Amino acid sequence: MRTPPLLLLLAACAPPSGAAVDPTPPGWEPAPDAPWCPYKVLSEGPEAGGGRLCFRSPVRGFRCQTPGCVTLASAGGSLRAHVLRNRSVLLQWRLAPAEARRVRVFALNCSWRGTYTRFPCDRVLLGASCRDYLLPDVHDSVRYRLCLQPLPLRAELATAPPELAECVEFTAEPAAMQEIVVAMTAVGGSICVMLVVICLLVAYITENLMRPTFRRPSQRRQP
């Protein structure tokens, strides 16, 4: 039995399966009893100082939906970077419960690749209860590298060495290119809708208006 052409057209116009990502799975969000994430930004350069202690509320129930968001993961899979359209990057990480109890602080190191060398960005220290961090205002067409390293408690420094850092690299697309992608997606969806309407109209005309009609031959009256 052959598949009707209309069903094939609908299948071709259906959105891809990866168009929307499920909500943040368990393990990637902070505990419910951790309403705040303490962090400290350590600037690079001659004016670098100890930084100021700040607090931010964690992100819960985040969805990364294309084409406005792209998700990249580290080699170990414990660090994810969600590159957003507004030139910001949301970082999320997870740890096993046994490892989380031994963490004193997280060290986030940032750098970006230039033509001949790599330049450092601001360094961020985050509390042990933090599981995400928002990096705002990244530059277009610049290759960034973010590395997150959990630092153990001072009592365990002598017995257990610090864990290796998880790193992820990404490049933020130019805003103009993102707008072009969004416009092409919208135009493609409109074309699919128009094709479906045309197919339905052709099917209606074929079934109803162009069907041949047979009339009974008229009987002549006898004189």
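Accessible areas here come from the Shrake-Rupley method with a 1.4 Å probe, and for residues only the protein chains shown count as cover. On that footing, the protein chain exposes about 15,500 Å², with carbon and sulfur atoms supplying 60% of it. The model is a predicted one, so to speak of local features takes a pLDDT of at least 70 and side-chain atom pairs count only at pLDDT 80 or more, while totals for chains, interfaces and linings use all residues. Residues are numbered from 1 along each chain as its sequence is written, and side-chain values use heavy atoms, with hydrogens and water left out.

As for the overall layout, the protein chain has three helices and eleven strands, taken as DSSP runs numbered from the N terminus (helices: H or I, at least four residues; strands: E, at least two). Read along the sequence, the pattern is α-β-β-β-β-β-α-β-β-β-β-β-β-α. Of the 223 residues, 26% are buried (under 20% relative accessible area; exposed is over 50%, partly exposed in between; 1.4 Å probe, protein chains only). Contacts (heavy atoms within 4.5 Å) reach well along the chain: among those between residues at least 6 apart in sequence, 63% join residues at least 24 apart.

Then there is the inside. A nonpolar core is a set of buried Ala, Val, Leu, Ile, Met, Phe, Trp, Tyr and Cys residues joined through side-chain atoms within 4.5 Å. The largest one has 27 residues, of which Val89, Trp93, Leu108, Leu126, Tyr133 and Leu146 touch the most other members. Strand β6 (103-113) is among the strands that supply at least two residues each, and β6 gives this core its largest share, four residues. Leaving aside neighbours within four places in sequence, Tyr133 is in contact with ten residues' worth of partners listed as Tyr39, Val41, Arg56, Val89, Leu90, Leu91, Trp93, Leu108, Val124 and Leu126. Apart from the largest core lies another, of five residues, among them Phe62, Cys64, Cys69 and Leu84.Salt bridges (a side-chain nitrogen of Lys or Arg within 4 Å of a carboxyl oxygen of Asp or Glu) number four in the structure. Arg113, Arg143, Arg145 and Glu169 are linked in a network of them. Glu169 pairs with Arg113 at 3.8 Å, N to O; Arg113 lies in strand β6 and Glu169 in strand β11, so this pair ties together parts 56 residues apart in sequence. Glu169 also meets Arg143 at 3.2 Å and Arg145 at 2.8 Å. Glu169 is partly exposed, at 23% relative accessibility.
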